[in-house]
Amino acid sequence: MESPQTSGTINLRRLYIKQLLDAGEKEIYSEETLDLFLTLEQFREKIENCQQCPLGKVRTKFVFGCGNPHAKLMLIGEAPGRDEDLQGIPFVGRAGHLLDKILKSVNFTREEVYIANILKCRPPENRDPEPEEVQQCFPYLSKQIEMIKPQIICCLGRIAAQFLLGAKSTLGRLRENDYQYDDVRVFVTYHPAALLRSEQYKRPTWEDMKRLRRYYLKINNLPEEKFG
Ligand code: SF4
């Protein structure tokens with residue numbers, strides 16, 4: 001049962017968001033979306049003190065995920081980095097700014113998508129997640145996917161793709177195909193941090209995102225668009 005404290009917090013958030021809506025500042029949150037936002041917030045409050053794996057002891061902030069609760073596109077990265085660990089928000093810092101640009105290049109905005117990671121706490125020195133950590137943490141992401149019900153998931157980088165799809169192939173191989181996660185179509189592309197390290201990944205990422213956008217337009221019966 002919901003504790004009085006949690007219920008009070010949720011009510012305050014509801015009031016706050018309603019004020020934003022009244023002020024016309026968050027038109028993206030319809031009443032229905034607001035309800036789902038609050039359900040996600042309740043879930044976040046339930047798990048934000050998680051200590052299920054050793055990363056709980058070394059994190060600065062828990063990074064739940066953010067974005068439109070009714071997003072048709074959900075982006076999944078690997079794990080929080082330094083900036084994300086400090087701010088508690090996924091994809092901030094240089095990689096986050098680049099992600100915004102990548103989205104914009106195919107006519108998505110950050111406000112209309114939802115962004116999360118395979119892990120919710122930062123591995124020390126940004127090392128790869130351990131399988132045991134993912135095993136502990138993945139049910140949280142799975143629950144978020146179940147609540148948000150996106151039409152499309154885009155895995156950003158090898159780690160996200162391998163863990164979500166239970167695959168072992170290289171990223172180069174993984175991005176050659178599309179997949180299903182339950183009923184959701186999954187695309188795979190490079191992590192923005194890889195593009196910051198090497199320009200050679202820009203062109204293939206652009207191609208992947210155009211393909212994803214065309215699929216999105218098709219399943220939503222939207223007109224074709226021209227890119228760049
Ligand atoms: S990484 Fe996930 S499982 Fe591990 S402590 Fe953080 S929230 Fe819990």
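**Exercise 1. Locate asparagine 107 and asparagine 126, and describe the backbone and accessibility of each.**

Solution. Asparagine 107 is found in the loop between helix H5 (93-105) and strand E3 (114-117), where helices (H or I, at least four residues) and strands (E, at least two) are DSSP runs numbered from the N terminus. The model is a predicted one, in which local features need pLDDT of at least 70 and side-chain atom pairs count only at pLDDT 80 or more, while totals for chains, interfaces and linings use all residues. Residues are numbered from 1 along each chain as its sequence is written, and side-chain values use heavy atoms, with hydrogens and water left out.

The next step is the backbone: phi of asparagine 107 is near 65°, a positive value in a residue other than glycine. Its relative accessibility is 39%, so asparagine 107 counts as partly exposed (buried means under 20% relative accessible area, exposed over 50%, partly exposed in between, with a 1.4 Å probe and protein chains only).

Asparagine 126 lies in the loop between E3 and H6. Its phi is near 60°, a positive value in a residue other than glycine, and at 41% relative accessibility asparagine 126 counts as partly exposed.

**Exercise 2. Work out the strand order of the sheet, and then place E4 within it.**

Solution. The 6 strands form an open sheet with mixed pairing, in the order E1-E3-E2-E4-E6-E5; two strands pair if DSSP finds at least two bridges between them. Strand E1 (66-67) and strand E5 (179-181) stand at the edges with a single partner strand each, so one side of each is left without a neighbour in the sheet.

Turning to E4 (residues 152-156), 5 bridges join this strand to strand E6 (residues 184-189), and the two run parallel. Strand E2 (residues 73-77) is joined to E4 by 4 bridges, and this pair also runs parallel. Cysteine 155 can be followed across both pairings, since it stands opposite valine 188 in E6, while isoleucine 76 stands opposite cysteine 155 in E4.

The last step is burial: 5 of the 5 residues of E4 are buried, so the strand is largely enclosed by the rest of the structure. Both faces are covered, with Ile152, Cys154 and Leu156 buried on one side and Ile153 and Cys155 buried on the other.

**Exercise 3. Describe the largest cavity, and state which residues surround the ligand.**

Solution. Begin with the count, which comes to 1 cavity of 30 Å³ or more; here a cavity is a set of points, on a 1 Å grid over the protein atoms alone, where a 1.4 Å probe fits but cannot get out, and lining residues have an atom within 4 Å of a point. About 100 Å³ of space lies in the largest cavity, a volume being the space filled by probe spheres set on grid points that are joined across faces, edges and corners.

The lining consists of 14 residues, of which Cys50, Cys53, Leu55, Cys121 and Cys137 lie nearest the centre. Helix H3 (55-58) and helix H6 (131-148) each supply at least two lining residues, and the largest share, 4 residues, comes from H6.

Finally, the space taken by the ligand is the largest cavity, given that a molecule sits in a cavity if more than half of its atoms lie within 2 Å of the grid points. The ligand is surrounded by Cys50, Gln52, Cys53, Gly56, Arg59, Phe62, Lys120, Cys121, Gln136, Cys137 and Tyr140, each with a heavy atom within 4 Å of it. The largest share of this shell, 3 residues, comes from H6.

Technical notes
On a 1 Å grid over the protein atoms alone, a cavity is a set of points where a 1.4 Å probe fits but cannot get out, and a pocket is an open set with protein on both sides within 12 Å along at least five of seven lines; lining residues have an atom within 4 Å of a point.
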